[in-house]
Amino acid sequence: MPGIEKLPIEETLEDSPQTRSLLGVFEEDTAAISNYCTQLYQAMQRIYDAQNELSAATHLTSRLLKEYDKQRFPLGGDDEVMSSTLQQFAKVIDELSSCHAVLSTQLADAMMFPITQFKERDLKEILTLKEVFQIASDDHDTAINRYSRLSKRRDNDKVNTSAVEDVYTSRKKQHQTMMHYFCSLNTLQYKKKTALLEPLLGYMQAQISFFKLGSENLTQQWEEFLGTIGTSVQNVRREMEEEVGQMQQSIQEMERSCDPLYAPCDPDPAHSPVCRNLTRKQGYLYIRNKTGLVSSSWERQYFFTQGGNLMQQGRGEVAGGLVTDLDNCSVMAVDCDDRRFCFQGSCFLQLFSPFLSFQTWSKCVNAWISTINNISKRIYLSENAEELAARVNQSALEAVTPSPSFQQRHESMRPSRWRVGRASSISSVGSEPSPALSVLSLDALVAPDTPIQFDIISPVSEENSGQSKTAAQSGRRSNPFGESGDSTSEDNSILHQLFIVRFLGSMEVRAAESADVISETMRQILAARAIHNIFRMTESHLLVTCDCLKLIDPQTQVTRLRFPLSSVVQCSSHQDNKRLFGFVLQSASERGDSRAVCYIFESNNDGEKICDSIGLAKQIAFHSEMDRKAVEKRKEQDKAKEKQQEELSKQRQIEKDLEEQSRLIAASSRPANPPGSDGQFLVLSNSQSEDSDAGEEGKKRGESEA
């Protein structure tokens, strides 16, 4: 082929500088061809990889379209038109996938194989020959230099022969390697043209075959089908735009109407009064969870009432879970240190724990309290639940009235003593007593028309006059803070336990020893507080001793109330909310009959501990009384024993005197002995010693018998 340069193979033996210079030009051209061929190979490899990916993606698309009928869409339904249309598309795309697979095979055979052969075989062969030629040329130069350094004076046949053989071998190897190297370089000038043209020829032939297959498969029928589908798509898009316009208009109207609801607090409470007639309620509330000994966290959850149950559902959950049963429970608004608008219940098993509260918006906290109170009365079981709830709330408001004496005493404060009406006045709402109203009857435990005391009227000011009189009569100095000076019995008490409590209320009860009187009193007081939104609670220190219970002012350390321990009939905590506890105090009234009053408190600690402490104080007092009686009995026995010992000693003295008198009488009745006889004196002394020994033995026998 004209225009192709060649290296002269016949000049390889001479290895002239001109030949080496021309060899450098060919090597530089080979390096450029190798670099260009590598880039072209990478480009064709991308075409081949993209075609394989396109073929696989087209096949996957066709398979997914065929599986549309097997899908279970929650909102899709059975759309036969959509299913048949996708099946048609799947058929066309499947044919295109086959065409792409054929094209991918042709590109692998006609495009990638020739250029890969040229790159991996021809170019690597030239690089290998170049390295071999360089090694042979270096060996030839070394052999020539060694032969040239042979000495003329020292003629050594062995050394000369070795040098000649090295020159011969290296020269022959260089010549042969150089000829093969020149031949490969000359051949590369031809192969570089075919290596570039054959892949391109195969690529174009494969594309032509692909387009021919496409023109045969995509006929006029498919064009009409695609036109129909395009018209349907335009119609669907037009309907979507109309629907979006209607939704945007609805959003604007709702934004204008719901603007007052965005604020958490309603500036005008009269604008949206609280509805107290609800028997169902739902919404988000913050729940307080205990994370440590003194730390807690607030978590936002969705709560709703279902029948007589309180349910909880987390965001993202499909269904809610049961929290507790709301029957016979009551709630009340409380003041938390770190949150506002909180309320707490007295019967919840899990959520209303001693360290847990609820928080909501201020405008719906009263609605939650009223709704739970209505559910606790089982109003939801009746047919007209809202009407019955309205009647019950109205009756409760009429039955609970403020005490005029307490209003006169605290005119600037909210009334905190209310009258509780009979259950018969509430049950008069309907013609027949419903199960929602039967639970309000407390005549068996709580005295009717009993005033509820919600605050401690400090008795110190009222009792100061009596205490001063008593102090003046007894001649002792009175305490200006209202406490008596005689506190030795309480100071010497074994038990001294102090608890922080808050007074919720007290009321007179009938059955002082009944097991349910404290729980019923708690429910009545909490319900009255919730109805009239009474949040204020008096905090005090409850001192438990073996003699009495004291309510002490935490600031002035003045004793507000003192309850003798002997008058405390029973003490117990709430079954569910352990922070609530109460005790029944029974004392004699002015008329001479007994009067029982139930006091209800809320503690920072567990109410059961306080009840246990009161029980322990009663046990200690009981055992102290028993020990005192035992000591008195022991003293009486000691006195009787001492008296018996005195009588015994007197009897012994009498017996001793009688023996002495009998001995003197016996001695006087005997004849006189001669003074010179030593033996008779010896006999007399022996008889006296025997008498004295007998007297001592009788004395010992009498002591042992005593």
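Glu165 counts as partly exposed, because its relative accessibility is 49% and a residue has to be over 50% to be called exposed. You'll find Glu165 in helix H3. Keep in mind that this is a predicted model. Below, we look at a few single residues, then a pair of helices, then a nonpolar core, and finally some strands.

**Single residues worth a look**

- Let's stay with Glu165 for a moment: its C-alpha atom is separated by 9.1 Å from that of Ala143, and the two residues are 22 residues apart along the chain.
- Is His59 buried, exposed or partly exposed? His59 counts as partly exposed, because its relative accessibility is 45% and the partly exposed class runs between 20% and 50%.
- His59 has its place in helix H1.
- Going by C-alpha atoms, His59 and Ile93 are 7.5 Å apart in space, while in sequence they are 34 residues apart.
- Now for the backbone: most residues other than glycine have a negative phi.
- Asp15 is not a glycine, yet it has a positive phi of about 55 degrees.
- To find Asp15, go to the segment before H1.

**Two helices packed together**

- Two packed helices are described by the angle between their axes and the distance between those axes.
- For helix H1 (residues 17-66) and helix H2 (residues 80-148), the angle is about 160 degrees and the axes are 7 Å apart.
- Why is H1 called roughly antiparallel to H2? The label follows from that angle of about 160 degrees, because angles over 145 count as roughly antiparallel.
- The two helices, H1 and H2, make a left-handed crossing.
- What sorts of residues make up the contact of H1 with H2? There are 26 nonpolar residues, 17 polar ones and six charged ones.

**The largest nonpolar core**

- The largest nonpolar core has 26 residues, and those touching the most other members are Leu7, Leu23, Met44, Phe118, Tyr181, Phe182 and Leu185.
- Which helices each supply at least two residues of this core? They are H1, H2 and helix H3 (157-217).
- H2 gives the largest share of this core, with eleven residues.

**Strands side by side**

- Start with strand S10 (residues 497-509), which pairs with strand S11 (residues 538-544) in the antiparallel sense over seven bridges.
- S10 is also joined to strand S16 (residues 594-603), by eight bridges, and these two strands run antiparallel.
- Val501 is a handy residue to click on: it stands opposite Ser540 in S11, and it also stands opposite Ser603 in S16.
- Phe503 has a bridge partner in S11 too, namely Thr538.
- In a regular strand, the side chains alternate between the two faces of the sheet.
- Is S11 largely enclosed or largely open? S11 is largely enclosed by the rest of the structure, because six of its seven residues are buried.
- S11 pairs with strand S12 (residues 548-552) as well, over four bridges and in the antiparallel sense.
- Within that pairing, Val544 stands opposite Leu549 in S12.
- How many residues lie between S11 and S12 in the hairpin they form? There are three residues between these strands.

Technical notes. Residues numbered from 1 in each chain as written. Predicted model: local features only at pLDDT ≥ 70, side-chain atom pairs only at ≥ 80, totals over all residues. Heavy atoms only, no water. Axes fitted to C-alpha atoms, helices over the stretch in contact; angles between N-to-C directions. Left-handed = near helix turned anticlockwise from the far one by under 90°. Nonpolar A, V, L, I, M, F, W, Y, C, P; charged D, E, K, R; others polar. Pairing = 2+ DSSP bridges. Core = buried A, V, L, I, M, F, W, Y, C linked by side-chain atoms within 4.5 Å. Buried < 20%, exposed > 50% of the residue type's maximum accessible area, 1.4 Å probe, protein only.
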